[in-house]
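Visitor: I am new to this structure. Please pick a single part and take me through it closely.

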Amino acid sequence: EVIEGNYYAAGTTIEINGTVNGDIFVAGNTIVIDSENINGDIFAAGSSITIKGKVNGSLRLVGENIDLLGEVSRNSMVAGQNFRLDSDAKVAGHLTFWGQMLSVAGEVGRLEGAFENLRLSGIVNNDVDIYLSTNKAKDNLNISDDASIGGTLYYKALKKLDINSQATIGNVS
């Protein structure tokens with residue numbers, strides 16, 4: 001099905017599988033958006049949010065567990081407990097996250113935000129600018145050997161962190 005214009009929905013479970021030529025505004029417990037043709041922005045609030053396929057716009061998401069398994073042409077602003085960017089996922093612009101746990105295995109243009117833990121095994125094409133809000137210095141920043149940061153890693157934390165020297169990082173500040 002093709003929806004011309006904005007799409008609004010609220011409910012316990014929301015699934016979108018067709019083309020939307022406009023913005024999506026949804027609120028629910030479980031939200032799954034699986035479409036190769038979302039031609040607008042997505043605004044979603046829910047307990048569990050999964051975005052698959054291609055979004056030709058930006059994301060603004062609030063939720064407990066959020067998974068991005070697709071591609072976003074612009075920026076993503078996310079607030080929640082856990083956010084996971086799959087290894088095949090891509091955010092062309094900024095990924096801004098506020099919450100507890102961020103896991104980035106895919107590719108983003110720029111990464112910023114405030115959270116307790118970051119697991120980075122993917123690619124950040126530009127800078128990373130983060131605030132780590134816990135004093136467990138060993139566990140809050142986990143950068144794998146395969147990770148790549150094209151710009152500078154700027155971080156603020158309660159303790160100095162050990163940065164993986166095997167990862168590809170422009171500078172650390």
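Guide: Start with one pairing. Val-72 stands opposite Val-91 in S9. This is a predicted model, and strand S9 is our part. S9 covers residues 90-104.

Take the neighbours of S9 in turn. Strand S7, residues 71-72, is joined to S9 by two bridges. The two strands run parallel. Val-72 belongs to that stretch of S7, and its place opposite Val-91 was our starting point.

Next comes strand S8, residues 76-85. Nine bridges join S8 to S9, again in parallel. One pair to look for here is Asn-82 with Met-101, its bridge partner in S9.

Now turn to strand S10, residues 107-120. S9 and S10 share 12 bridges and run parallel. Val-91 appears again: its bridge partner in S10 is Val-108. Val-91 thus stands opposite Val-72 and also pairs with Val-108. In a regular strand, side chains alternate between the two faces of the sheet.

Step back to the whole protein. There are 15 strands and one helix. The C-alpha trace spans about 50 × 25 × 20 Å along its principal axes. The radius of gyration is 16 Å, which agrees with the value near 16 Å that a compact globule of 173 residues would have. Of the 173 residues, 45% count as buried.

Contacts add to the picture. Among those with a separation of 6 or more, 9% come from residues 24 or more positions apart.

Last, the charges. The protein carries 13 positive and 21 negative side chains. The centres of these two sets lie 8 Å apart.

Terms used: Residues are numbered from 1 along each chain as its sequence is written. This is a predicted model: local features need pLDDT of at least 70, side-chain atom pairs count only at pLDDT 80 or more; totals for chains, interfaces and linings use all residues. Side-chain values use heavy atoms; hydrogens and water are left out. Helices (H or I, at least four residues) and strands (E, at least two) are DSSP runs, numbered from the N terminus. The radius of gyration is taken over C-alpha atoms; the globule rule is 2.2 Å times the number of residues to the power 0.38. Buried means under 20% relative accessible area, exposed over 50%, partly exposed in between (1.4 Å probe, protein chains only). Contact means heavy atoms within 4.5 Å. Lys and Arg count as positive and Asp and Glu as negative; His and the chain ends are not counted. The place of a charge is taken as NZ of Lys, CZ of Arg, CG of Asp or CD of Glu. Two strands pair if DSSP finds at least two bridges between them.
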